[in-house]
Amino acid sequence: MAAAEQEEEKMAAAGGGCCLRPFSCEQGLLSRPDGSAAFLQGDTSVLAGLYGPAEVKGSKELPDRAVLEVLLRPKVGLPGVVERSREQLLRRTCEAVVLGVLHPRTAITLVLQVLSDAGSLLSCCLNAACMGLLDAGLPLSSLFCGVTCALDPTGAIVLDPTTRQEQEARAVLTFAIDSAERKVLTATTKGSCSVEEMQQCLAAAQRAADTIFQFYRDSVRRRYSKS
Amino acid sequence: MAAGRGVAAEACVGQVVLPGDVLLLPAHPDEDGERLRLGAGAAPRGRLLCGPGLRRCAAGLLVTKCGLLRHRQAGGGAAAGGAYWVDSQQKRVGARRDYVGGGGEPPSCPRLTDLFVHEPRLQYVPVKGDHVIGIVTAKAGDVFKLDVGGSEQASLSYLAFEGATKRNRPNVQVGDLIYGQFLVANKDMEPEMVCIDSSGRSSGMGIIGQDGFLFKVSLGLIRKLLAPKCEIIQELSQLYPFELVLGMNGRIWVKAKTVQQTLIIVNILEACEYMTAEQRKQAFAKLSGN
């Protein structure tokens, strides 16, 4: 209908030691879902579509809050065990911020389609999910973002690693951080690391989260400055 | 700016707020939200209303939707009075793309904007008093079930029509369109509709006639069309006579003299969401020319 308006903005990633890959986001690009967003981190990109609050099908209905369902679709093939496990992780993270009590006996469905995976897929899924929730206008208690850290064999922290960096890493940690108090919503680890290293990664992720939250705010501000 | 710490609500009026932001309200010694107010005189002064997109929390107001913060002063002009709300009407004209990065080129990923056209649409949530267009999906004893586009079907009693009695039932069939108003719209209960006002009059509500065309538009456009002195409606009414029903749930029913005229109205209404006033005037000039 309307010529899709394009706006490209570049910002230097701020913060010392915070070197995230270039990231970008598009909101409201699908017509059928109630909210949609595509999030790109370097060459990793995930498309999120959000439906709801809609009618609940089957016996999943909860009397006091909305049912949140997350579906993670891989780029090729059918979702397997890894996707199922990530779906649960994403679902619990989203449940922590979505004010589901305001829409009892309804269902909220979030479909995440992986478009390309070049490392840090889980954090990209988290960011896409948050932007999708924001686009759908669902009531949220706060925003969240995902940050992946990799510990390379020398013990140095690599933020937002690529697939290659993830393969070489000793441990890969992903955190979901909320925007209200910069607290951890979700933490997941692959590989082994010491408690100190985990704390260091968390601190680095929290610093990187500030950049992402500032991006969210600028993105929304630009959208409303036009209307 | 910084979420969590909280900012004064006045400073944010007209600014963009995001979920998780806390708005601090000016402290008032006599302000006590918990105390039950008795007597007419004391109630309106200093009373703060918490509009859509905001919730009360310990520190003040918690933002739950993104949008522009709006404020309306109370009649008396009390500092703490009035209403705050978040204007999250998504008047987006197209998909958006933003970049952040450590310099260099933006990511070389598929250009999604080039493939899709955005159509702003938000899920309808029933609100008490809203006038909507429902589709009858079932007749269950003495109530009809109506699909109103919400998460649940609304119920409509057969007695809630003008002049209806136990003897004299309204002739409603499955698939009929009904223009009515929400009497009960509560998150915990099934929404209930009526087709009469408080004095028992239909006041325009009831079963919508056989012909005509029903289509859906975004909720933002419906709000724009229902605004008093809406230019689009005024300009349309100068073209030729037609019937128009606007439901707050995003449904519009149109009927003109011929099918062609009906479809012209439909196309104009669907397109005017993305047209500027100037473009619309040109389109109308072209239509009234032939």
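# Briefing: a sheet and a helix in chain B, salt bridges in chains A and B

In chain B, four strands form an open sheet with mixed pairing, and their order is β1-β3-β6-β5. The strands β1 (7-8) and β5 (54-56) of chain B stand at the edges with a single partner strand each, so one side of each is left without a neighbour in the sheet. The model is predicted, and a search of the whole structure finds 17 salt bridges over all chains. The points below take up the sheet, one helix of chain B, and then a selection of the salt bridges.

**Strand pairing in chain B**

- Strand β3 (residues 22-24) of chain B and strand β6 (residues 60-63) of chain B run antiparallel and are joined by three bridges.
- Within this pairing, B:Val22 on β3 has B:Leu62 of β6(B) standing opposite.
- In general, the strands of a sheet pair through backbone hydrogen bonds, in either a parallel or an antiparallel manner.

**Helix α4 of chain B**

- Helix α4 (residues 259-271) of chain B has 13 residues, which at 1.5 Å a residue should span 18 Å, and this agrees with the 18 Å that separates its end C-alpha atoms.
- The residues B:Thr262, B:Ile265, B:Val266, B:Ile268 and B:Leu269 of α4(B) are buried; because they cover an arc of only 165 degrees around the axis, they lie on the same side of α4(B).
- B:Val259 and B:Gln260, by contrast, are exposed on the other side of α4(B).
- The cover over the buried residues of α4(B) includes the strands β16 (213-216), β17 (242-246) and β18 (251-256), together with the helices α2 (219-226), α3 (231-237) and α5 (277-289), which belong to chain B as well.

**Salt bridges within helix α1 of chain A**

- A:Arg84 and A:Glu87 form a salt bridge in which the closest N and O atoms are 3.6 Å apart, and the two residues, three apart in helix α1 (residues 81-97) of chain A, are separated by about one helical turn.
- The two partners of this bridge fall into separate classes of accessibility, since A:Arg84 is partly exposed with a relative accessible area of 48%, whereas A:Glu87 is buried with a relative accessible area of 6%.
- A salt bridge also links the side chains of A:Arg91 and A:Glu95, at 3.0 Å from N to O; these residues are four apart in helix α1 of chain A, again about one helical turn.
- A:Arg91 is partly exposed, with a relative accessible area of 22%, and A:Glu95 is partly exposed as well, with a relative accessible area of 35%.
- A:Gln88 also has its place in helix α1 of chain A, where this residue counts as partly exposed at 32% relative accessibility; A:Gln88 lies 9.8 Å from A:Leu72, C-alpha to C-alpha, with the two being 16 residues apart in sequence.

**Other salt bridges**

- In helix α4 (residues 195-226) of chain A, A:Arg221 and A:Asp218 are three residues apart, about one turn of the helix, and they form a salt bridge whose closest N and O atoms are 4.0 Å apart.
- Of these two residues, A:Arg221 is partly exposed with a relative accessible area of 29%, while A:Asp218 counts as buried at 14% relative accessibility, the cut-off for buried being under 20%.
- In chain B, a network of salt bridges links B:Glu231, B:Glu235 and B:Arg280.

Note on methods: Residues numbered from 1 in each chain as written. Chains lettered and ligands numbered in written order. Predicted model: local features only at pLDDT ≥ 70, side-chain atom pairs only at ≥ 80, totals over all residues. Heavy atoms only, no water. Buried < 20%, exposed > 50% of the residue type's maximum accessible area, 1.4 Å probe, protein only. Pairing = 2+ DSSP bridges. Expected span 1.5 Å × (residues − 1). Arc of directions from axis to C-beta. Contact = heavy atoms within 4.5 Å.
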